[in-house]
Amino acid sequence: MTPALQITGLRKAFGATIAVAGIDLEIPQGSFYGVVGPNGAGKTTTLSMATGLLTPDAGVVHVHGIDLWREPQRAKPLLGVLPDGLHTFDRLTGAELISYAGLLRGLPADEVRARRDDLLAALDLDSAGRTLVTDYSAGMTKKVALACALVHAPRVLVLDEPFEAVDPVSAGAIRRILLTFVEDGGTVVMSSHVMALVERLCDRVAIVGSGRVLAEGTLDSVRAGQDLEARFVELVGDVADQRDLAWLRRS
Ligand SMILES: Nc1ncnc2c1ncn2[C@@H]1O[C@H](COP(=O)(O)OP(=O)(O)OP(=O)(O)O)[C@@H](O)[C@H]1O
């Protein structure tokens, strides 16, 4: 079966900083795929290039077999993207923002209205639907951005830290939405720093460090008999300088 997302030889440098040093990933259809790695490992840069948001220096990305950078108009409708560090149209209300995303994707207006109302209810944003996004909390902004990623019913969801700043009740709702999406044959790729969450949700995982894939495969093969956090630290290395902050102590 054609992979949902195939990333081959992706590279990106920002001046002298090599953010992504050659990443290959094959993400099967129907998988719930976790991308983990330390701060600055290159996760966001990789996901941005894999979704058409950032031009790679080198490499190829295929979405369901379609070359994303050669045929973006065919590939992008298959993607639902929750980018990191959202810059959104925050002078719209949540309801307007979801409608805008749906109309931009070419959905008919009545369908957009119905989906918008479903998404606001499913993500517990009903009462916030008429509030400007600029007045949202961080978690509410994350949820409305997720609604925008879902509104056109994509085949592949690429989510950069979708649970960051989200309360436990909303996190439960998002988990259910994503698990149902995968059960129905969709593919989720998400980055996260919460290893327990990745272990709970993902069937495959990649550990990325210094712009490279350090380990990749099924959750069990990557864990190699340990828990994911221990394996992560083993591969990535602990903080080198365990300096004692003696001045922080009161006694
Ligand atoms: N626009 C940019 N300009 C310059 N350097 C950048 C830019 N974006 C990312 N970098 C650098 O590229 C490297 C990878 O950053 P990236 O944001 O991809 O890491 P990450 O794994 O997503 O980190 P985090 O877990 O902290 O979100 C870092 O060294 C970062 O400083």
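Let me start at the hairpin. Strands E4 and E5 form it, with two residues between them. In that turn, histidine 64 has a positive phi of about 45°. This is a predicted model, so every value I give is computed from predicted coordinates. E4 covers residues 58-63 and is antiparallel to E1, residues 5-14, with five bridges joining the two. One pair to look at there is threonine 8, whose bridge partner in E4 is valine 60. On the hairpin side, E4 and E5, residues 66-67, are joined by two bridges, again antiparallel. Valine 63 stands opposite isoleucine 66 in E5.

Put together, these strands belong to an open sheet of four, in the order E2-E1-E4-E5, with antiparallel pairing. Its edge strands are E2 and E5, each pairing on one side only. Helix H1 lies across E1, E2 and E4 and runs at about 120° to E1.

Now the other sheet. This one is open too, with six strands in the order E6-E7-E8-E3-E9-E10 and mixed pairing. Which strands stand at the edges? They are E6, residues 79-82, and E10, residues 212-218; each has a single partner strand, so one side of each has no neighbour in the sheet. From one strand to the next, the twist averages 15°. At the E10 end, six bridges join E9, residues 204-209, to E10, and the two run antiparallel. Glycine 209 has arginine 212 as its bridge partner in E10.

H1 turns up here as well. It packs on the six-stranded sheet, touching E3, E7, E8 and E9, and its direction makes about 150° with that of E7. So much for H1 and the sheets; next, the ligand.

The residues around the ligand are Phe14, Thr17, Ala19, Gly37, Asn39, Gly40, Ala41, Gly42, Lys43, Thr44 and Thr45. By type, the shell divides into three nonpolar residues, seven polar and one charged. Strand E2, residues 17-27, and helix H1, residues 43-50, each supply at least two residues of the shell. Which element gives the most? That is H1, with three residues.

Next, helix H5, residues 138-150, which is where lysine 143 sits. The helix lies across E6 and E7, running at about 170° to E6. Is lysine 143 buried or exposed? With 29 other C-beta atoms within 10 Å, lysine 143 is buried, because the cut-off for that label is 20 or more. Leaving aside neighbours within four places in sequence, lysine 143 is in contact with Leu123, Leu125, Val166 and Ser170. Aspartate 124 is 19 residues from lysine 143 in sequence, and the C-alpha to C-alpha distance between the two is 8.8 Å.

Two more helices to go through. In H3, residues 94-104, the buried residues are Gly94, Ala95, Leu97, Ile98, Ser99, Ala101 and Gly102. What covers those buried residues includes H4, residues 109-122, and H5. Just after H3, glycine 106 takes a positive phi of about 85°.

Then H9, residues 228-236. Its buried residues are Leu228, Arg231 and Phe232. Why do they line one face of the helix? Seen down the axis of H9, the buried residues fall within an arc of 105°, and so they line one face. An α-helix has 3.6 residues a turn, so residues three or four places apart point the same way. The buried residues of H9 pack against E3, E9, helix H7, residues 195-201, and helix H8, residues 219-223. Just after H9, glycine 237 takes a positive phi of about 95°.

To recap the part on H1: this helix lies across E1, E2 and E4, packs on the sheet that holds E3, E7, E8 and E9, and gives three residues to the shell around the ligand. That is the end of my part.

Terms used:
Residues are numbered from 1 along each chain as its sequence is written. This is a predicted model: local features need pLDDT of at least 70, side-chain atom pairs count only at pLDDT 80 or more; totals for chains, interfaces and linings use all residues. A residue is buried if 20 or more other C-beta atoms lie within 10 Å of its own, exposed if 12 or fewer, and partly exposed in between; C-beta atoms are placed from the backbone. Two residues are in contact if their C-beta atoms, placed from the backbone, lie within 7 Å. A residue is near a molecule or strand if its C-beta atom, placed from the backbone, lies within 6 Å of it. Ala, Val, Leu, Ile, Met, Phe, Trp, Tyr, Cys and Pro count as nonpolar, Asp, Glu, Lys and Arg as charged, and the others, Gly among them, as polar. Two strands pair if DSSP finds at least two bridges between them. Axes are lines fitted to C-alpha atoms, for helices over the stretch in contact, and angles run from 0 to 180 degrees between N-to-C directions. The arc is that of the directions from the helix axis to the C-beta atoms.
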